[in-house]
Amino acid sequence: MTRDTQFPCDPAGVCMRCKSTPPPEESLTCGTCVTPWHVSCLSSPPETLESTLQWLCPDCSGETDALPVSGVAPGYGSVGSDLVVAIHEIEADNSLSAEEKAKKRQQLLSGKAVVDEDDEEEKKRKDTMWAQRLLEMFLEVDGTGKSQLLARLSKRVDASTSKVVHVISNEDRPDKAFTTDRAKKLGNANASSGKIFVTIPRDHFGPITAEYDPVRNQGVLVGESWKGRHTARQWGVHFPLVSGIAGQASYGAQSVVLAGGYEDDEDHGEWFLYTGSGGRDLSTRNLRTNSVQGFDQKFEKSNEALRLSCKLGYPVRVVRSSKDMHSAYAPEGELLRYDGVYRIEKCWIKVGVQGSYKVCRFLFIRCDNEPAPWTSDEHGDRPRPLPIVPELNMATNLFERKESPSWDFDEGEGRWRWMKPPPASRKPVNNVKDPEERKILRKAMTSTHSNTMRARLLKEFKCQICQQVMTNPVTTPCAHNFCKACLVSKFAGKTLMRERSRGGRTLRAQKNVMKCPCCPTDIAEFIQNPQVNREVAEVIEKLKNQEEEDNTEHVDEGECSGTSHEEETLPVSGDAKQPKKRIKLDIDATVSATVVESDMK
């Protein structure tokens, strides 16, 4: 049998000469090219069993006449093809590991090595051509003598810079509202606010005192008036230019404007009934002209911010507008007037005067240290009994504050002040020029953001039944989390099976269906022996311990600092860690704010 008539097995294991599939004991694998061969079809099969350990196929052993090739590893003998020479060179390369040699042999036998070399050459050729083209474009000039390449690059730069948003710092703004050069229409409707004169963040609660007024050093006094909302914004009394409520659902409301937008409003000076926002279809009508109620209001967004301020007893700045034609306390002329701070005592839902849709209602009581603009008193407000509101008899979802308010009257000092630390700001102050003060504010905001994230994380571990942070949490098969005690008490008295009888005869027992409080999934079998989720319990415990450590550290630092109580209550004082005192209250506010919303749903 000559070498030309010898063929190895194909990839399927079938001998290419006899067309049969030899068993493993009749197959030999070449030690060089790792190709299987049928022993019966070989012209010179191995004589002994030991010779099969380092057996070389006819192609690799060089059974045909050929000259020796230099560079081949010793002991391999001569080769008869370029493929075998390449394989021997790979085996002789001591810089390669066994895995790398096997990979190169596989690429060589499959023909990929040649293709990769061709691709590499093609890539080098293209790179050379592209470099030559760039050089030609750089050297070519147009009619103006400018390089074509530079012209293209300049066009790209111009296109990118045309989309840059121009930001004007507070120091560069004019003293009054202005219209930018990019505005297509003139007038206050398209005007930008002028310079902000006070150093308060947009989420500042309570009155604006002298420390926040670097221009006049007197703060914003009760009775001050302005011609429009742009000017009121410049003095920080009410920042939104259109909305009547300034606030955040998870943080509270800072200010409101009485502009007569709802017929349900009742203004009695020292107290008034305020209607929440929403309930009007603004998709096809102008924002300021649609006064028809289209759907029910809910305690969400701005309304939820007012309710949260009601729960925590935050002071809310009140601005009256001359547009309120139904109020006897509105200012005369086209003015906005600051009338001091009020506190929300109650909130509820009732059917509006239009008769078909529900509205959110809020009871505001004045609690300012300065007298009202319409009185001749020399002193401010004193605690007064709540007025009688007849519409409460038909109210639903009534909410009253039961904890002590954050802003309350101090009998010892005879004035209204923060009885609890005010909420720390979560927004930057852009008009503070002092670098040291900016550094302090930056540290305070960083601390507040981290505490807020921890509070939100705790909020994620609330029980869906009691709406509080879970104790002994259990996770149902439908992936809902509850307190173990809450879930067990939810189905107390129910058994897995119930006996049935009808017409004097006993029927087969039937399984009780116990649906999950959050979905229709039957969890009757899970209720029989609910197991505490230890991983979730450990995470909750770790977060609570971290909260307590932060609060303890802050209290210790406050006792050692020696500062007065009045200095501690300033929102932006020198104490950079003051926001940590507020985290416990923020967590309670966030969790409690969701209680009423969940009950309503």
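Which residue of β10 does I349 stand opposite? In this predicted model, I349 stands opposite C360 in β10. The briefing below begins with that strand and its partners, then turns to an enclosed helix, the nonpolar cores, two loop residues and the cysteines.

**Strand β10 and its partners**

- Strand β10 covers residues 358-366, and eight of its nine residues are buried, so the strand is largely enclosed by the rest of the structure.
- On one pairing, β10 runs antiparallel to strand β9 (residues 336-351), and nine bridges join the two.
- β9 and β10 form a hairpin with six residues between them. Within the turn, G355 has a positive phi of about 90°.
- β10 also pairs with strand β7 (residues 271-275), in the antiparallel sense and over five bridges.
- In the pairing with β7, F364 of β10 is the bridge partner of F272.
- As a general point, side chains in a regular strand alternate between the two faces of the sheet.

**Helix α7**

- Helix α7 spans residues 302-312, and eleven of its eleven residues are buried, so the helix is largely enclosed by the rest of the structure.
- The buried residues of α7 include the charged residues E304, R307 and K311, together with A305, L306, L308 and L312.
- G313, just after α7, takes a positive phi of about 70°.

**Nonpolar cores**

- The largest nonpolar core holds 28 residues, of which I208, V220, W226, W235, V237 and Y338 touch the most other members.
- At least two residues of this core come from each of α7, β9, β12 (407-410) and β13 (415-418). The greatest contribution is that of β9, with three residues.
- Beyond its neighbours within four places in sequence, I208 is in contact with V198, I200, G219, V220, W235, G236, V237 and R317.
- Another core, of 21 residues, lies apart from the largest one; F461, C463, V469 and I527 are among its members.

**D213, a buried loop residue**

- D213 lies in the loop between α5 (148-161) and β3 (225-226). D213 counts as buried because its relative accessible area is 0%, under the 20% cut-off.
- The side chain of D213 makes polar contacts to backbone nitrogens: that of R216 is reached at 3.1 Å, and that of Q218 lies 3.4 Å from a polar atom of the side chain.
- Leaving aside neighbours within four places in sequence, D213 is in contact with F197, Q218, G219 and W235.

**H379, a partly exposed loop residue**

- H379 is placed in the loop between β10 and β11 (396-400). With a relative accessibility of 44%, H379 counts as partly exposed.
- H379 and D368 are separated by eleven residues in sequence, and their C-alpha atoms are 9.5 Å apart.
- Apart from neighbours within four places in sequence, H379 is in contact with N369 and P371.

**Cysteines**

- The structure holds zero disulfides. C30 is in no disulfide, and the nearest cysteine sulfur, that of C57, is 3.5 Å away. The cut-off for a disulfide is 2.5 Å between sulfur atoms, so the 3.5 Å separation of C30 and C57 does not qualify.
- C478 is likewise in no disulfide, its nearest cysteine sulfur being that of C519, 3.5 Å away.
- C30 is buried, with a relative accessible area of 3%. C478 is also buried, with a value of 18%; the latter counts as buried because the cut-off is 20%.

Key
Residues numbered from 1 in each chain as written. Predicted model: local features only at pLDDT ≥ 70, side-chain atom pairs only at ≥ 80, totals over all residues. Heavy atoms only, no water. Helix = DSSP H or I, 4+ residues; strand = E, 2+ residues; numbered from the N terminus. Buried < 20%, exposed > 50% of the residue type's maximum accessible area, 1.4 Å probe, protein only. Polar contact = N/O pair within 3.5 Å; in protein donor to acceptor, adjacent residues only side chain to side chain. Contact = heavy atoms within 4.5 Å. Pairing = 2+ DSSP bridges. Core = buried A, V, L, I, M, F, W, Y, C linked by side-chain atoms within 4.5 Å.
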